[in-house]
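This briefing introduces one protein chain to a reader who has not met it before. Please look through the sequence and the structure first, and then follow the points below, which are grouped by topic.

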Amino acid sequence: SIVPADQYKESLGVLLSMISAQSPDVVVAEVGASPFEPYNGSLALEEMGSRAESIVLCASDPYAAVGAKTNFGVKVDLVTGIATSTEPGADMVEKVSGLPSLSLCTDESIKTLRKLLTKAVRPKLS
């Protein structure tokens, strides 16, 4: 994804058109780069943000969650990632960002994630 912005945007448009042509019920997409780094992450958020029913942010630290929440205008539904890998870390994410967090280190937390995602997409599937 380290290409000029116009090339990235054109390629992303082609990819989104190909996905749309298949009429999927659900798409899970990963933007695997920080929007603050030169990987066109902010362009991906611009293009996909309005289409997203649920956004799970994988943050490296609590302040990364704050940065994404305040700088990119997307509604983050859940924060996970290394910042939440311990209970105190997850608590700190919630305290500084005001966003719910979830460590995905246990079977129970995976069940919770499934419930949250199902709740987000089920109304759109009906």
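Two residues are said to be in contact here when heavy atoms of theirs lie within 4.5 Å. With that meaning, and leaving aside the neighbours within four places in sequence, Thr84 is in contact with Val79, Gly89, Ala90, Val93, Ser101, Leu102 and Ser103. The model is a predicted one, and every value in this briefing was computed from it.

**The chain as a whole**

- The protein chain contains five helices and two strands, and when its elements are read from the N terminus on, they follow the order α-α-β-α-β-α-α.
- For a chain of 126 residues, a compact globule would be expected to have a radius of gyration near 14 Å, and the protein chain, with 15 Å, agrees with that expectation.
- Taken along its principal axes, the C-alpha trace of the protein chain spans about 40 × 35 × 20 Å.
- Among the contacts in the protein chain with a separation of 6 or more, 44% are made by residues that stand 24 or more positions apart.

**Surface and charge**

- Of the 126 residues in the protein chain, 25% count as buried.
- The accessible surface of the protein chain amounts to about 8,500 Å², and carbon and sulfur atoms hold 55% of that surface.
- The protein chain carries 11 positive and 15 negative side chains, and the centre of the positive set lies 9 Å from the centre of the negative set.

**Helix H3 and its surroundings**

- Helix H3 covers residues 62-71, and its buried residues are Pro62, Ala65, Gly67 and Ala68.
- These buried residues of H3 pack against three other elements, namely strand E1 (56-58), strand E2 (78-80) and helix H4 (87-97).
- At the start of H3, Asp61 has a side-chain oxygen that reaches to within 2.8 Å of the backbone nitrogen of Tyr63.
- After H3 comes Gly73, a residue whose phi is positive, near 60°.

**Helix H1 and the loop that leads to H2**

- Met18 belongs to helix H1, which is made up of residues 5-21, and Met18 counts as exposed because its relative accessibility is 53%, where the cut-off is over 50%.
- Met18 and Lys111 are 93 residues apart in sequence, and in space their C-alpha atoms are 31 Å apart.
- Ser23 is placed in the loop between H1 and helix H2 (41-49), and its phi is near 50°, a positive value in a residue other than glycine.
- With a relative accessible area of 58%, Ser23 is exposed.
- Asp25 is also found in the loop between H1 and H2, and at 67% relative accessibility Asp25 counts as exposed.
- Although 96 residues separate Asp25 and Val121 in sequence, their C-alpha atoms are 8.7 Å apart in space.

**Two buried positions**

- Gly41 lies in helix H2, and Gly41 is buried because its relative accessible area is 1%, where buried means under 20%.
- The C-alpha atom of Gly41 is separated by 9.8 Å from that of Ile2, a residue 39 positions away along the chain.
- Thr84, whose contacts were listed at the start, is located in the loop between E2 and H4, and with a relative accessible area of 0% Thr84 is buried.
- Helix H4 covers residues 87-97 and is one of the elements against which the buried residues of H3 pack, while Gly89, Ala90 and Val93 are among the residues in contact with Thr84.

Methods
Residues numbered from 1 in each chain as written. Predicted model: local features only at pLDDT ≥ 70, side-chain atom pairs only at ≥ 80, totals over all residues. Heavy atoms only, no water. Buried < 20%, exposed > 50% of the residue type's maximum accessible area, 1.4 Å probe, protein only. Helix = DSSP H or I, 4+ residues; strand = E, 2+ residues; numbered from the N terminus. Polar contact = N/O pair within 3.5 Å; in protein donor to acceptor, adjacent residues only side chain to side chain. Rg over C-alpha atoms; globule rule 2.2 N^0.38 Å. Areas by Shrake-Rupley, 256 points an atom, 1.4 Å probe, with all protein chains shown as cover. Lys, Arg positive; Asp, Glu negative; His and termini not counted. Charge placed at Lys NZ, Arg CZ, Asp CG, Glu CD.
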